[in-house]
Amino acid sequence: MDLLSDLNEPQRQAVMHMEGPLLVLAGAGSGKTRVITRRVAHLISQGVAPWQVLAITFTNKAAHEMVDRIANLGARGVMACTFHSLCARLLREFAEEAGVSPNYSIYDQADQRRVARLALEQAKLPSGSLTAAQVLHTISRAKMQLQTAADFEQNAATSPMRQMAKIYSEYEKLLGAANALDFDDLLLRVAQLMGRRPDIRRLLGERYRFVLIDEYQDTNHAQYVIAHGIALEHENICATGDPDQSIYSWRGARIDNILEFEHDYTNATVVRLEENYRSTPQILAAADRLISYNRLRKAKGLFTQRPSGADVWVVCTHDEHAEAAEVVRRARELVARGMRHDDIAVFYRLNSLSRVMEDAFRRTGVPYRIARGVAFYNRKEIKDVLAYLKLMVNPRDDLACERIINVPSRGIGSTTLARLRDFAAGRGIGLLEAASQGRMIGELGKAAANKVAAFAQLVKQLAEGPLAPVRTVLESVLAATGMEQELRAIGGEEHEELANVAELVTAAGEFDRENPSATLPDFLHLVSLVSDVDRFEGSTGAVTLMTLHAAKGLEFPAVFIVGCEEGILPFRRMGEEETCDREEERRLCFVGMTRAMDHLTLTRARYRGLRGSRQRQAASPFLAELDGPQVRHVELRPPVEVQPIRQESGVDSELGELVEETPPTFDEGFYDVKAPAASVAAAPAGRDSDSADVAQSDGSVPHLPPGRRVRHPMFGTGQIVSTGRSGAYTKAVIDFDQYGRKTIILQFTRLELLA
DNA sequence: GGTGTACTCATTTTT
DNA sequence: TGAGTACACC
């Protein structure tokens, strides 16, 4: 396969680059993935061994895709993984040198929170001033900065910082006792190892002669240190990314890493991919205008050769329900014009905004799916099963033990558990070990001691068997614990929990097949670092709803960004201060916009129910920043209640008196188009609303010439007498068949054009 | 030891 | 508004 012929010049330059540091500044939609995969294939075609190439990605999914794509180019055996999975593997390989035991457990966020809570308790702070979330955040930040508990304590100048140091150190003690590492530890330990053992660092540098790091703008300090440690001697480091798409600083990502690459490697080759293959000029122009307000960036000259497309729309509605209705209406219109449902995506800043959208889609029967969902390995039943496996591998994993000591129910309650915990703490042993001791009778009473001992015995028996193949182990756990039966009892034969457990068994079977020599610990480390089973959804036939963060890296022919309001899109916490990082919020908006290929609509609501109370919402300042000649604004009127029949009006009509000024029932699509030249528009039905007609300067509307037959949603059919401007509105005088001559304000009414 | 109810407190999320 | 927690009660 020819790796170069269909590339543009900068792309080719990046692909053909061999030795030495390379920075690829890849604008949105500039073919970055293609460049990376081609470059790897090219390296290999030039004689580099596949196992000497290490490609590091942001997510597991990206890693899998990269392996697949590179394989499709004929290069197999390349290692693509995340920083975390790389480190988890290295810590098993160099367990002794790193000072960890190879059967360590990996604690996920929920585990970490529980540990943090315990640490808070044990640190016995004067008041409950710190929350577990704050503690975790601080500890996580420290670890990313490669600060150990001891380092942290040394730097703690203020009293609250000293408190934090105490909690950090308690937290570490708890993790240590459980033989567990959290996500940040994986990176921290490897970084420490490489610092302490130059020989190992060098060995890794020789092993991975070529290092590629994708999404470099979202790497943190620990990752930076690891990457540069590996590449220290050969400097064959290729970083790809886009500072304008750095949206994870709240997770410790440092945009400086990419901004300073040329400073780190003065001999770096820098390639800019500025041709966008994804979006129409309209979308690109608006996105570019927006992001140009950022100071912290490397200016790019994004351009596209795509032909002109539809304008970008900014829609303002009365409230979130009207907003949702309008998004659904437009989505349906796109589908009516031949687009598929899975070509359409709706993005929002806050998960809580999805509910109204969801309702609107459900009510109208438009298929949709939410891209968040509870991650598979976060489901309760899955975590329960996995906790058994974890405890078998790592008997000191107290969190796993606590989780399942009464699952399925064995009559071991919180009192027993508390006593057990005291007993274990007093002796410095793990919960499981404490449970196994007959002496517990004195502490717990005979009945409880027996229950607890039976549990310990069960786990022991399971752990004594062979630990592979994993599928078999899993099945024996399910059988021996009675979990399967319990699930069946709860959910019925065909219920979700059972199906999920069955899926876990299948996943284990696949793991066994793919990794014939691997055992349970390998499996557990793998699943701990994977958020979801890789079910490749492919074409789902549904509109996709997701957060702006989740949208990174994707593209859709049509994109809606909802909730473009001050406080939501530049997100701001309640206490008004400038807590938000304006530039990062702007990047987030930019990322969302640049996902769109052909159609982009940003919406906002004037009133929105937000955590209980309704508020008047101001427009996002970003809407003004992105505004320009390719951007059209629409304001939808609030729904107006239909007047009840008023007999006393004396009008002898079943409909009651029809007041001319009363706007008709409003359900969807009444436009008040603020077109540039102070002209207004009617939106003839049956036509693409994206091309609503603008009134001429004399007030006439092109599609509503005198004599034209139209249908009004309330007055029925009629004939245009004339059109004209009156103040801010464009009006049409219509002779209705039923009701005679009326004046209609076009902004309030959607007229259907009749043949 | 399990269940009901008052209370609080609100991003983004992959590893 | 609604999810998750703490605590009281049965």
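In this predicted model, the second largest cavity has a lining made up of Asn103, Tyr104, Ser105, Ile106, Lys390, Val393, Asn394, Pro521, Leu524, His525 and Ser528. Three elements give two or more residues to this lining: β4 (105-107), α18 (380-393) and α27 (520-528). Of these, α27 gives the most, with four residues. Sorted by character, the lining residues come out as five nonpolar, five polar and one charged. The space inside the second largest cavity is about 60 Å³. Overall, the count of cavities of 30 Å³ or more comes to two.

Next come the aromatic rings. A pair of aromatic rings is described by the distance of the centres and the angle of the planes. The structure holds nine aromatic pairs. One of them is formed by Tyr216 and Phe261, and it is edge-to-face, with 5.9 Å from centre to centre and 90° between the planes. This pair links distant parts of the chain, as its two residues are 45 residues apart. Tyr216 sits in the loop between β6 (210-213) and α12 (221-230), while Phe261 belongs to helix α14 (residues 261-264). Phe261 also pairs with Tyr265: the ring centres are 5.2 Å apart and the planes meet at 40°, so this pair is tilted. Are these rings buried or exposed? Phe261 has a relative accessibility of 0%, so it counts as buried. Tyr216 is buried too, at a relative accessible area of 1%, and Tyr265 is buried at 6%.

The loop that holds Tyr216 has something else to show. Glu215 also lies in the loop between β6 and α12, and its phi is near 50°, a positive value in a residue other than glycine. Most residues other than glycine have a negative phi, and most peptide bonds are trans. Glu215 has a relative accessible area of 14%, so it is buried, since the cut-off for buried is under 20%. A positive phi turns up at Arg611 as well, where the value is near 35°. Arg611 is found in the loop between β16 (596-610) and β17 (613-616). Here the surroundings are another story: Arg611 is exposed, with a relative accessible area of 61%.

Another set of rings gathers elsewhere in the model. Phe58, Tyr248 and Trp250 form one aromatic cluster. Two members of this cluster also have a charged side chain over the ring. For Phe58, the partner is Lys552, whose charged end sits over the ring at 4.2 Å from its centre. For Trp250, the partner is Arg251, which lies over the face of the ring at 5.9 Å from the ring centre.

The backbone also has cis peptide bonds worth a look. One joins Val407 and Pro408, with omega at about -5°. Pro408 is located in the loop between α19 (398-404) and α20 (414-427). Another cis bond runs from Ala468 to Pro469, again with omega near -5°. Pro469 is in the loop between α23 (446-464) and α24 (470-481).

Finally, what about the cysteines: how many disulfides are there? The count comes to zero. Why is there no bond between Cys564 and Cys589? The closest cysteine sulfur to that of Cys564 is in Cys589, and at 5.7 Å it is too far for a bond. A disulfide needs the two sulfur atoms within 2.5 Å, so the 5.7 Å between these two rules it out. Seen from the other side, the closest cysteine sulfur to that of Cys589 is the one in Cys564. Cys564 counts as buried, at 1% relative accessibility, and Cys589 is buried as well, with a relative accessible area of 1%.

Notes:
Residues numbered from 1 in each chain as written. Chains lettered and ligands numbered in written order. Predicted model: local features only at pLDDT ≥ 70, side-chain atom pairs only at ≥ 80, totals over all residues. Heavy atoms only, no water. 1 Å grid on protein atoms, 1.4 Å probe; cavity = no way out; pocket = protein on both sides within 12 Å on 5 of 7 lines; lining within 4 Å. Points joined across faces, edges and corners; volume = space filled by probe spheres on them. Nonpolar A, V, L, I, M, F, W, Y, C, P; charged D, E, K, R; others polar. Phe/Tyr/Trp six-rings, centres within 6.5 Å; stacked < 30°, edge-to-face > 60°. Buried < 20%, exposed > 50% of the residue type's maximum accessible area, 1.4 Å probe, protein only. Lys NZ or Arg CZ within 6 Å of the ring centre and 35° of its normal.
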